[in-house]
Amino acid sequence: MVEIAAPVGGTVVEVHVSEGDSVEKDSHLFTLERAKTLLIVRSTVRGVVAKFEIAVGDNVGTDQVAVIIDESES
């Protein structure tokens with residue numbers, strides 16, 4: 001399992017995938033807004049989204065785990 005964390009603190013404004021979805025390396029996972037700037041967070045691995053720990057509207061902190069991806073199911 002690989003944990004994908006928010007690289008900066010901000011508000012989740014969009015979620016691009018759901019639990020159970022297959023993702024490729026560099027797939028868009030979610031979008032954060034910080035200081036009126038949007039940041040798309042991408043997958044660092046290929047696999048299946050095992051768990052989403054955030055939702056639209058959540059405020060997340062820097063390095064907060066947001067998504068867990070299971071590489072063994074890819």
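V23 in β3 has G47 in β6 as its bridge partner. Strands β3 and β6 pair in the antiparallel sense, over two bridges. Strands here are DSSP runs (E, at least two residues), numbered from the N terminus. Two strands count as paired if DSSP finds at least two bridges between them.

This is a predicted model, where local features need pLDDT of at least 70, side-chain atom pairs count only at pLDDT 80 or more, and totals for chains, interfaces and linings use all residues. Residues are numbered from 1 along each chain as its sequence is written, and side-chain values use heavy atoms, with hydrogens and water left out.

**The sheet with β3**

β3 belongs to an open sheet of four strands. The order is β1-β8-β6-β3, and the pairing is antiparallel. β1 and β3 (22–23) are the edge strands, each pairing on one side only. Four bridges join β6 to β8. Four bridges also link β1 and β8, again in the antiparallel sense.

Some bridge partners, from both sheets of this report, are set out below.

| Residue | Bridge partner | Partner strand |
|---|---|---|
| V2 | I69 | β8 |
| V48 | D70 | β8 |
| T11 | N59 | β7 |

I4 stands opposite V67 in β8.

**Strand β1 and E3**

In a regular strand the side chains alternate between the two faces of the sheet. β1 has a covered face, made of V2 and I4. Its uncovered face holds E3 and A5. Is E3 buried or exposed? E3 is exposed, with a relative accessible area of 56%. The classes are buried (under 20% relative accessible area), exposed (over 50%) and partly exposed in between, using a 1.4 Å probe and protein chains only.

E3 sits in strand β1. Leaving out residues up to four places away in sequence, E3 touches V65, V67 and I68. Contact means heavy atoms within 4.5 Å. E3 and V67 are 64 residues apart in sequence, yet 5.9 Å apart in space, C-alpha to C-alpha.

**The other sheet**

Four strands form an open sheet in the order β5-β4-β2-β7, with antiparallel pairing. β5 (37–42) and β7 (59–60) stand at the edges, each with a single partner strand, so one side of each has no neighbour in the sheet. Strand β2 (residues 10–15) is joined to β7 by two bridges. Strands of a sheet pair through backbone hydrogen bonds, either parallel or antiparallel.

**The core and S43**

The largest nonpolar core has 18 residues. Such a core is a set of buried Ala, Val, Leu, Ile, Met, Phe, Trp, Tyr and Cys residues joined through side-chain atoms within 4.5 Å. Which residues have the most contacts inside this core? They are L29, F30 and V67. The elements giving two or more residues to the core are β1 (2–5), β4 (28–34), β6 (47–52) and β8 (65–70).

L29 has many partners beyond its neighbours within four places in sequence. Among them are I4, V15, V41, F52, V67 and I69. H16, R42 and S43 are also in contact with L29.

S43 lies in the loop between β5 and β6. S43 counts as buried because its relative accessibility is 1%. Outside its neighbours within four places in sequence, S43 is in contact with V23, E24, K25, D26, S27, L29 and I69.
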